[in-house]
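Let's look at this model together and ask how each label is earned. Each answer sets a value against a definition and then concludes.

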Amino acid sequence: MAFTNKDAAIVLGMVARGDKRHDIAAWYGENQARIAEVEQGQYGNLVAAPANELPPKGAPGPKGRRLRSKATKAVEALEKGETAAALQILKDALADFAKNEA
């Protein structure tokens, strides 16, 4: 996986926050070598993302990352009064989370 500039800025923010390199790598489903590439500037001279744009500390893995994203969309739908859409988003998110992935 190639990081986008946004991903790389988030990686730099996580590094600056003091996250463990293996947790950062796990967040993206990558190995620590990709994190080292970002730190070494292979994605250009990027500024670290601010704390409010960083994911929680720890290693949720790709499934947790997708689930979190869909839960955020469901909350947004609920805030707009779109309960049926929110329910469908959550059902889809849980089905995606339960898939076996190679």
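Q: How do you know that the length of α5 agrees with what is expected of its 16 residues?
A: The expected span is 1.5 Å times one less than the number of residues. For the 16 residues of α5 that gives 22 Å, and its end C-alpha atoms are 23 Å apart, so the two values agree. Helices here are DSSP runs of H or I with at least four residues, strands are E runs of at least two, and both are numbered from the N terminus.

Q: What kind of model is this, and what limits apply to it?
A: It is a predicted model: local features need pLDDT of at least 70, side-chain atom pairs count only at pLDDT 80 or more, and totals for chains, interfaces and linings use all residues. Residues are numbered from 1 along each chain as its sequence is written, and side-chain values use heavy atoms, with hydrogens and water left out.

Q: Which residues of α5 are buried, and which are exposed on the other side?
A: Ala86, Ala93 and Asp96 are the buried ones. On the other side of α5, Thr83, Ala84, Leu94 and Ala98 are exposed. Buried means under 20% relative accessible area, exposed means over 50%, and partly exposed lies in between (1.4 Å probe, protein chains only).

Q: What puts the buried residues Ala86, Ala93 and Asp96 on the same side of α5?
A: Ala86, Ala93 and Asp96 are the buried residues of α5. They cover an arc of only 90 degrees around the axis, so they sit on the same side of α5. The arc is taken from the directions that lead from the helix axis to the C-beta atoms. What covers these buried residues includes α4.

Q: What makes the buried residues of α4 line one face of the helix?
A: The buried residues of α4 are Gly61, Gly64, Ala74 and Ala77. Seen down the axis of α4, they fall within an arc of 140 degrees, so they line one face. Their cover includes α2 and α5.

Q: How do you know that the span of α4 is close to the expected one?
A: α4 has 19 residues, and it reaches 27 Å from its first C-alpha to its last. At 1.5 Å a residue, 27 Å is expected, so the reach of α4 is close to it. Just after α4, glycine 81 takes a positive phi of about 80 degrees.

Q: Why is aspartate 7 called buried?
A: Aspartate 7 has a relative accessibility of 12%, so it counts as buried. Its place is in helix α1. Between the C-alpha atoms of aspartate 7 and alanine 98 there are 25 Å in space, with their positions 91 residues apart in sequence.

Q: Why does alanine 9 count as buried?
A: Its relative accessible area is 14%, so alanine 9 is buried. Alanine 9 also lies in helix α1. Leaving aside neighbours within four places in sequence, alanine 9 is in contact (heavy atoms within 4.5 Å) with Leu46, Val47, Ala48 and Ala49.

Q: What makes a space a cavity, and how many of 30 Å³ or more are found in the whole structure?
A: On a 1 Å grid over the protein atoms alone, a cavity is a set of points where a 1.4 Å probe fits but cannot get out; a pocket is an open set with protein on both sides within 12 Å along at least five of seven lines, and lining residues have an atom within 4 Å of a point. The search finds one cavity of 30 Å³ or more. The largest cavity holds about 30 Å³ of space, and its lining consists of Lys63, Arg66, Leu67, Ala93, Asp96 and Phe97. α4 and α5 each supply at least two residues of that lining.

Q: What is the volume of the largest pocket, and which residues are closest to its centre?
A: About 310 Å³ of space lies in the largest pocket. Lined by 13 residues, the pocket has Lys6, Ile10, Trp27, Glu53 and Arg68 closest to its centre. The elements that give two or more residues to this lining are α1, α2 and α4, and α4 has the largest share, with five residues.

Q: How many helices and strands are there in the protein chain?
A: There are five helices and zero strands. Of the 102 residues of the chain, 30% count as buried.

How values were computed. Grid points are joined across faces, edges and corners, and a volume is the space filled by probe spheres set on the points.
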